[in-house]
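Reader: Please show me the structure. I would like to go through some of the terms used for it and ask what each one rests on.

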Amino acid sequence: MATIVRERPGTGSGDSFERDDHGQPSFTFTIDGQTVEAHEGQTILSAAIAHGILDIPNLCNDEKLDPTSACRMCLVEIAGEGRPLPSCNTPAAPGLQVTTKTKKLTHIRRTNLEMILSDHNAYCQPPCQIGCPTHIDIPGYLELIAAGQNREAARLVKEVLPFPYMLGLVCPAPCQEKCRRALVDEEIAICRMHGFAAEQCIDDPPTPWPQEAPTGKKVAVIGAGPAGLTAAYYLALKGHSVKVIDMMPQPGGMTRYGIPEYRFQKDMLDKELDGVWNLGVEYQGYAKLGKDYTLDDLFAAGYDAVFLGIGAWTSNPITFVDNTEASPEDTPGLINAISYLMDKTQGMPVPVDPGTEVVVLGGGFTTFDCTRTSVRLGAKVYTAYRRGRAEMTATPEEVEDGEAEGATLKLFSAPTKLISEGDKLTGIELVKMKLGEPDSSGRRRPIVDPGTEYTIPCNTVIPAFGQKPDVSYFPTHVQGVKTSKWSTVVTDPWNFMTDRPGVFSGGDCQMGAKTVIECVAQGKLAARAIDGYLKGEDMAAISQRLEAEERKPDLISIVPYKPVEPKVKMPMLPYEDRKRNFKLIEMGYTPEQAQRESARCLQCACPAAGQCDLQMYSIEYGLTDNRFHDGEPNDFHDYEVDISHSFILRDPNKCINCTQCVRVCHDVIGPNCYGMFGKGFDTIVSTPFNVSLHETDCVSCGACVQVCPTGSLMMAERELVKYDFALDRCIFCGDCVEVCPHGALGETPNFELSFYNRVGNGVTLHMDDLARAPDYLVDQRVPRRKGDVPGGTNPLIRPLPARRIRE
Amino acid sequence: MPDGTSRALIPTATTLADYQKQRGFQAYQRASGQGAQGAASILEAVRQAKLRGRGGAGMPTATKWQVVRDAVATRGGPPYLVCNAYDADLKSLVAATLLANQPFLVLEGIMLAAQAIGAREAYLYMHSTNRTGYAAVTAALNEARNGRLLGDLTITVVGVDLGFMGGEETTMLEAIKGRRPMAQQRPPYPAQVGLGELPTAIANLETLVQVVNIVRDPAAFAKNGTPASPGTKYVSVYDVAGNGTLLEVPFGTTVAAILKNAGITVGTDTTRGVVVGGPEGGVLPLTQLTTAFDYEPLAQSGTIVGSGTIEVLGPQTCMVDWARERTKYLTEQSCGKCIPCRTGTKRIAGTLAGIMSDVGVSSDLDLLNEFADYVPDGSLCGFGWHATHPLRTALRYYPDDFKLHLQGKCPTGACVPVRSHRFVTKGVL
C-alpha cells in the first residue's frame, strides 16, 4: 500500500496518511464508538453511510448535491465542540469522536419534525381508510362521486367490498368516527356515499377488474352470508369455480334473515347479489352442513378448497343476575331473538302483535332490531340494558331512533326472574345495577344494587345478548377443524386456514358475532389466501404477506384549515310515517346532495405516502400529533397548488424548504427553475416570480421529483403518447438515448431507439408494452432513501397505490 | 457629554487633509514601510492588545487573523478582507456615525488589517440606505485612491438592505458573492473558506478603528477596559422616548453608569427594564444594572454585547408583550433556512401571543422553556443561537408578568389581545 506524507490537520505531526481502496488518502475516526475510515474531504454523514451506519436521519442531503444543513436532522455531537453540528456538512477529521444518538439530539430532531409538521398543510394517509376494516379508498370514491362519476366510484369500492349498497345502509361506519372533517365541522357521510354510488348503477353493477380466465379449481363456500359471498365474489373474479351452499332457502345470511326490512330492503339485496351470480357462482339452498352433508363429502365431490362462513346463529340464552339461565324452548313467553327476526323477514307469523307487551334485553344491534321490529308491530316495548347508554354497542343513532319510534329504555337494569301465571308469562322482574369498583382491566363492571327490584308486566321477553356459532356437529361432520371454547372456528389469524389444509374460515363463525363490514373484510382476505393456496403458494408466506398489507395507523394529523361547510344530512322517513310498517327509513340522497356531501372530503391522502422521508422519520420519532393545532390563519401557509406542468405536480404546502430541488436543478441539471423566495417564516421554494413550473425553463427531467423528500413535487400520472419525429432525418444514432439523465429512453422497451430495440434480439414494440407502460413508470420510482435501504421495506410504512395529486 | 467613564467621539475628519492633521495614515505608513515585518508587527500589536471583535461575538481578532494566515498557507491566497459596516440593528448608531464622521479612519483600519493578513481585495459592507455614510466613505475612498495611499489594495463598497439577518457573517459573504443572502453552516469558517473559497477575514468597522488606535498608541488603548476585554466600545443608548446617543465607554463600565453618562435617570417609576444588546439582547431589571458592560458578565446576566445598543423600557412595558414583539420581529427577519429558527421563533411568538392575549395555559411556560433551548441548540447560525435571549430574560426576571397573564390580567394593563385562541394539541388517530 502506497503512503503519502502529509501534515495531519490539527496535529502538525507530519504523520503519513494511509491510502484507501480508491487510492484516496484515508484516516480513521469513531462514530458511536465504531471506528470508521474516511478519506480527506469526506463528510461525517457520507463516511457513516459508507460504513453501513444508516440511522443518522436527514431530509435535505443528497450525495450528488452540496450540503446545505437546513433540516437540522443530521446533527451529531462531536467531542470538543460546543454545540451539535450537522454531519452532512462537517468534514470528517482524524480522531474525531462522533456521537449520533443522545437524548438532546433526539429532542432536537423530534422537535424539528414537529416544527415542520406544524406548517405542513397536508396529510399522509386518510384515517377513514385505516379505520375501515376493508380499507376502501374513501377519498378516491368521494372525489369520483363529487365529480358525478358514480359508476367508477362503485367500481373503486368494489375492489375491496363487493356490496357497497348493502353496507351503505347497514354498516355502523367505523370510518366516520375517524373522519378528519370533524376537526373542521362535522364528519362526512362516508358510508352512505358508497351506498348512493352503488344504488345509481345497481342494475348494471361494475366489476372491479375483468374476471380472470377459468383456473379449473373448485371451491365450496359454506354459508351465503357477507363473509361467504365476499369470498365467493373475489374467488370467482380470480377465475375459480365457486359454489355457495346455504341452509336457508335464499342467500344473504344474516343480512337477509337478521336485518329487518325497514333498514334494508330485500329486493335490493337480490339485485346486489346478482353481481355475484353474474360471475358464474352457483348457489344451492336448503343444504345444511352437519345434517345434509359433511366436510369430507365436499372433498370427495372434488372440491379443492372449502370456505366455512356459517355465521353465528345461536342466540345466547337469557342469563339472570344469579347466573341461572332459561332457554326459549322450554319457557313460555321467551322468544329467540334470531328466530323472531328471521320469521318476520320471511313473512311468517310472529308472537308479537298490537296487544303484546315486550321486554327486549341487551344493548347491541340485534337488541334494537328486535325493539324496533316489535314497535312497528304495534307492541308496547321496553328495552332493558345492564349498563349505560354510552356502553351500548348499537350506534347512538339507532338508540335514538328506537326511543323516538316509541320504545322505552331501561338502563342499568338486569333481569332477576320471569314471572309466570301457569304457563303464561305475566312479567319480568328487573333489578337496578350500579357501577362497581374498577376491576383489573380498569373497567367498572355493573353490580347489583340490592333492594331495587322492580317488575315490568309483559307477555313476551326477547333476550338479545348476542349470538354464537353452532359448532356442535363439528367433531363428527366437519372433520379436522378445531373450535375454541367460545364455539368459534380456529384459524391462522392472517391466512384464515384451519388446521385442515384447504379448509378456510371467516366471518362471524371465526370471530364470534361481529359487524357485516368485519365479515366482508375477512371474506376478502380469505379469498386471497385461498387463491394463493390453490396456486400452490406457501401458506406461511401468504400469512406474512396479508399481515404486511393490513393497514395500520400511519400518521398524521396536521392542519385542517378549511372553511366550514355543514354536513348534508341523510333524508330520513319521519317518525310518524314509520308506524306499523317496514318502509325503508333512510330515504337516500339526491345526486346533487351526494355531490355536495362528497365534495366536503378534505382528501387527506398524499400520493407520496409510503415514500415520504418526512413521514418515515415522523413515525420513527413517534409523532402522531403536533403541538401547534388550531392556530390563527397566519400561523400556517395555504399555498396554491401548481398543476399546470404536464409531468410535474407542485404542492408547496408540503414543501419543507430542503432546497434539494433548487440545488439539483441548478447544480446538476442546469435550467435553474427553482429558488427560495420570501423571508423569515414565509420563506418558500418557488419558481422565479412564482410563475407556474410550465412557464419556466423546465426540461421535464424529473430530477426535482426524484430528490424531493416529501410529496411536494410529484410525477403526474400520465399516459404515454407517441410523438411525431422526422423519420426522414433520424439517423438512428441513439444519442438521445445516451444523454437522457434518467435513462428514460434507454431502459424502456417502448421507444424504438431504446437499448432493447436497437441492440436486443427480436425485441419489437407490441401493443402490450404500451399498455404496461404506466406500471413500468410506477416501478421506476426510485426509493429516495440513501444507501441501500429502500423505503418500501420499512415495516412501518405501507404504500398507497399511486394516485394523482388532488386539486 | 459628561466624562469620566466615557469620552466624546474623536473629532470629525471627512477630508484627507483634516485626517492627516489627526495623525492620519501615520500608523499605516509606518507599518507598510516595513513589508512582511510590518504585517507581523500589526498582528503582534493586536495580539498584545488582546483586541476582541466589536461585532458582538467578542472573538479575539488576532486569533481570527492567525487562522486566516494559516489557512492561506494550506489553501492558498491571497485572502479577502470584509469590513462589516452594516448596522444590522437599525438602532445602532456606530457604523453610521463612524462612516459619516471618520471615513478615513475606517479606511486606515481596513488597510492595516489587509496588510496584517496579506489581503489585496477588501469589501466595505454597509447599509445601502445610509446615504450620508456612503457619500463620505466613497469620497474618502476616491481621495485615498487619488493620493495613491491604497497601494495594491482594492476596496469595494457593497451597499445592501437585508434587515437584521444581513449582519450575520456568512449571510454577508453570500450577499457579496451575489447569492441569496442566507446563512451558511460553519465550520468551515469564513476565515478558512470564504469569498472565492479562499480564506476571508471579517471584521467589524469598530474593530478596525480600534486596530488603528492600537497601532498608533498601544498604551492608550490598554489604559481602558478590563483585563479580559481591553479598550472601549461604542454604545448607542436610547431613553424611553427613543432618543439615541452614541457613547464610547470602556469595557467593564456598569450598565447603570452608561445610562447615567447618557443623561438618563432610571427609577422604578420610570423604568421597567433595560435592554442590552439590540434585537436579540435580553432585558435586565433595575436590580441587574450593576452588571458590567463586558462579554462575560453580560452573558451571565442572560444577554449579549450584540450591537451595543442599550434601550430603556418605560413603566408601561409588559414583558410578555415585549418578548413577543422581539420574537415576532426575529421571525420576520430570519433568513428562513433552518427549521428551528424559521419555525421555532414563529411558534415561540405564537405561544407568547397566546399568553399575552390571556388565552394561554400554564403548560405554555414549559413549552417556552423547552423552546428557549431548542432554537439555539438546533439553529444554523448566530441569529438562531441568540434568538431566545429576549424570551429567556423575560422568563427569568419577570416571571410574575407571565403568571398574571395566565390568570387573565396584564401586569401593566397595556396589552391588547392579538389572538382569539391558543395552539391546541390534539391527538388524532
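Author: The exchange below takes up strands, pairing and burial in this predicted model.

Reader: What makes T460(A) buried or exposed?

Author: The relative accessible area of T460(A) is 4%. Buried means under 20%, so T460(A) is buried, with its 4%.

Reader: Which residues is T460(A) in contact with, leaving aside its neighbours within four places in sequence?

Author: Among them are G333(A), I335(A), P351(A), V352(A) and L425(A). T356(A), E357(A), V358(A) and V359(A) are also in contact with T460(A). Contact here means heavy atoms within 4.5 Å.

Reader: Why is the pair of T460(A) and N459(A) called a polar contact?

Author: The side chains of T460(A) and N459(A) are joined at 3.4 Å. The limit for a pair of N or O atoms is 3.5 Å, and residues adjacent in sequence count only if both atoms are side-chain atoms. The 3.4 Å pair is between side chains, so it is called a polar contact.

Reader: T460(A) lies in strand β22 of chain A. How do you know that β22(A) pairs with β15 of chain A?

Author: Four bridges join β15(A), residues 357-361, to β22(A). Pairing needs at least two bridges, so with four the two strands pair. They run parallel, and V360(A) has I462(A) as its bridge partner in β22(A).

Reader: What is the order of the strands in that open sheet, and why are β17 and β22 of chain A said to stand at the edges?

Author: The order is β17-β16-β15-β22 (chain A), with parallel pairing. β17 (408-410) and β22 (460-463) each have a single partner strand, so one side of each is left without a neighbour in the sheet. Neighbouring strands of this sheet are turned by 20 degrees against each other on average, direction ignored.

Reader: Which helix lies across these strands?

Author: Helix α14 (residues 365-376) of chain A lies across β15, β16, β17 and β22 of chain A, running at about 165 degrees to β16(A).

Reader: In chain B, what makes β5 mostly covered?

Author: Seven of the seven residues of β5(B), 232-238, are buried. T232(B), Y234(B), S236(B) and Y238(B) are on one side, with K233(B), V235(B) and V237(B) on the other.

Reader: Which strands does β5(B) pair with, and how do you know?

Author: Seven bridges join β5(B) to β6(B), which run antiparallel, and three join β5(B) to β9(B), which run parallel. Both counts meet the requirement of at least two bridges, so β5(B) pairs with β6(B) and with β9(B). Y234(B) has E248(B) as its bridge partner in β6(B), while V237(B) stands opposite I310(B) in β9(B).

Technical notes
Residues numbered from 1 in each chain as written. Chains lettered and ligands numbered in written order. Predicted model: local features only at pLDDT ≥ 70, side-chain atom pairs only at ≥ 80, totals over all residues. Heavy atoms only, no water. Axes fitted to C-alpha atoms, helices over the stretch in contact; angles between N-to-C directions. Buried < 20%, exposed > 50% of the residue type's maximum accessible area, 1.4 Å probe, protein only. Polar contact = N/O pair within 3.5 Å; in protein donor to acceptor, adjacent residues only side chain to side chain.
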